[in-house]
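User: I have a two-chain model open and want to go through it piece by piece. Can we start with the strands and then move on to the contact between the chains?

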2 protein chains.
Amino acid sequence: MKVEYIQPFILATRKVLSTMAFMESKPRKPYLKSDNKFEDYGDISAVIELKGECKGSIGVGFSQDCILKIAQQMLGEEFADINDEISDMVGELVNMISGDARRELVKLGLNFTAGIPVLARGHQQHIKHFVPERVIVIPFQTDAGSFFIETAFDSKKFLE
Amino acid sequence: MKVEYIQPFILATRKVLSTMAFMESKPRKPYLKSDNKFEDYGDISAVIELKGECKGSIGVGFSQDCILKIAQQMLGEEFADINDEISDMVGELVNMISGDARRELVKLGLNFTAGIPVLARGHQQHIKHFVPERVIVIPFQTDAGSFFIETAFDSKKFLE
């Protein structure tokens with residue numbers, strides 16, 4: 001995969017979490033998702049369709065510990081469980097990550113518009129990508145637990 | 001104009017400011033912008049292109065007092081002036097308002113994708129809409145000062 005095109009998503013994710021939730025996060029090594037490998041999908045996830053340069057999507061999934069901490073810092077109250085307000089917030093997070101990454105991708109000559117977040121709650125829920133082949137997973141670590149983002153694009157630019 | 005299609009933008013604006021910046025806002029009467037009327041455009045504004053159902057855009061502009069208060073509550077520190085960090089935040093705000101409104105518009109059968117925010121700083125800067133005719137202005141009042149949103153669409157659905 002082209003690190004150049006993945007990097008904007010990593011930077012956008014770190015920036016959004018740092019700015020909006022005062023949470024620092026550390027990316028681990030990106031990998032191509034294999035069909036057979038069982039993945040830990042997190043407890044809540046959201047995916048957003050991207051169109052323009054090519055078709056694709058960006059998704060984000062959080063462990064419960066991680067998203068409850070983010071909610072506390074972003075919304076200013078403590079939560080015991082994932083509720084509708086937190087679902088909305090996860091939608092906002094992926095929307096912001098998509099927006100920030102797309103702003104960087106424009107500088108590389110790649111122009112995308114974004115759809116609206118589709119949410120999935122519950123452990124091992126699959127993020128449904130609009131281009132399901134060749135999904136790139138980027139795991140992140142925070143002091144409050146793990147999360148990951150996934151990107152999937154149908155252009156060779158992203159895969160070579 | 002169709003209140004039905006303007007309402008999602010008003011609700012999205014109030015929700016985003018209330019959730020993200022703990023700020024309540026009160027919409028005033030929407031009006032069609034007249035070419036000749038001199039408008040107070042606020043001290044910082046951002047506009048985002050919408051595509052799909054029809055072409056259009058959603059913009060938001062803030063007075064300095066209002067955006068400095070929002071920045072304080074959203075970013076957790078005090079600011080004396082509008083800086084790059086606040087510009088970024090205004091971009092995030094219009095991105096979130098667009099996302100939330102588009103999620104509601106889908107329920108009315110109107111499907112839009114969104115571009116990336118274009119920022120303008122400085123008093124009486126014009127928001128540049130992608131469809132400049134028939135701009136609808138919705139002023140808002142908050143305890144910290146005024147702001148407004150503008151929508152412009154080239155579909156009769158929004159104008160009749």
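Analyst: Fine. This is a predicted model. As a starting point in the strands, Gly52(B) has Phe112(B), in E5(B), as its bridge partner.

User: In what sense do E3(B) and E5(B) pair, and over how many bridges?

Analyst: E3(B) and strand E5, residues 112-114 of chain B, run antiparallel to each other, with 3 bridges between them.

User: Which residue in E6(B) is the bridge partner of Ile44(B)?

Analyst: Ile44(B) is bridged to Arg121(B) in E6(B). The pairing of E3(B) with strand E6 (residues 118-121) is antiparallel and has 4 bridges.

User: And E4(B), how many bridges does that one make with E3(B)?

Analyst: 7 bridges, again in the antiparallel sense, with E4 covering residues 56-62 of chain B. One of the bridge partners to look at is Ser57(B) in E4(B), which goes with Glu49(B).

User: What joins E3(B) to E4(B)?

Analyst: A hairpin, through 3 residues.

User: How many residues of E3(B) are buried?

Analyst: 7 of the 9 residues in E3(B), which spans 44-52, are buried, so the strand is mostly covered by the under 20% cut-off on relative accessible area.

User: Switching to the two chains. What rotation superposes chain B on chain A?

Analyst: A rotation of 180°, with 0.0 Å of shift along the axis and an RMSD of 0.0 Å. That is how a two-fold axis relates two copies.

User: Do the copies meet through the same surface or through different ones?

Analyst: Through the same surface, because 100% of the interface residues of chain B are also interface residues in chain A.

User: How many residues does each chain put into the contact?

Analyst: Chain B gives 23 residues and chain A gives 23 residues.

User: What area do they bury between them?

Analyst: About 2,100 Å², with 58% of it on carbon and sulfur atoms. On the chain B side, the residues that lose the most area to chain A are Glu92(B), Arg103(B) and Ile116(B), which together make up 26% of what that side buries.

User: How many salt bridges are found across the interface?

Analyst: The rule finds 3 between chain B and chain A. One of the side-chain pairs in a salt bridge is Arg103(B) with Asp88(A), at 4.0 Å from N to O. There are also 9 residue pairs in polar contact across the interface, both residues being at pLDDT 80 or more.

User: Which elements of chain B give two or more residues to that side?

Analyst: Helix H1 (3-21), helix H2 (64-75), helix H3 (84-107) and E5 of chain B. H3(B) gives the most, with 9 residues.

User: Over to chain A then. Where is Asn95(A), and is it buried or exposed?

Analyst: Asn95(A) is in helix H3 of chain A, residues 84-107. Asn95(A) counts as buried because its relative accessibility is 2%, and the cut-off for buried is under 20%.

User: What does Asn95(A) touch?

Analyst: Leaving out residues up to four places away in sequence, Asn95(A) touches Ile48(A) and Pro117(A) in chain A, and Asn95(B), Met96(B), Gly99(B) and Arg102(B) in chain B.

User: And Val118(A), where is that?

Analyst: In strand E6 of chain A, residues 118-121. Val118(A) has 45% relative accessibility, so it counts as partly exposed. Beyond its neighbours within four places in sequence, Val118(A) is in contact with Ser45(A), Ala46(A) and Val47(A).

User: How far apart are Val118(A) and Phe9(A) in space?

Analyst: 18 Å from C-alpha to C-alpha, with their positions 109 residues apart in sequence.

User: Last topic, backbone angles. What is phi of Phe22(A)?

Analyst: Near 50°, which is positive in a residue other than glycine. Most residues other than glycine have a negative phi. Phe22(A) lies in the loop between helix H1 (3-21) and strand E1 (26-27) of chain A, and at 43% relative accessibility it counts as partly exposed.

User: What about phi of Phe22(B)?

Analyst: Phe22(B) has a positive phi too, about 55°. Phe22(B) sits in the loop between H1 and strand E1 (26-27) of chain B, and with a relative accessible area of 42% it is partly exposed.

Notes: Residues numbered from 1 in each chain as written. Chains lettered and ligands numbered in written order. Predicted model: local features only at pLDDT ≥ 70, side-chain atom pairs only at ≥ 80, totals over all residues. Heavy atoms only, no water. Least-squares fit on C-alpha atoms with pLDDT ≥ 70 in both. Contact = heavy atoms within 4.5 Å. Buried < 20%, exposed > 50% of the residue type's maximum accessible area, 1.4 Å probe, protein only. Pairing = 2+ DSSP bridges. Buried area = accessible area lost by both parts, 1.4 Å probe. Polar contact = N/O pair within 3.5 Å; in protein donor to acceptor, adjacent residues only side chain to side chain.
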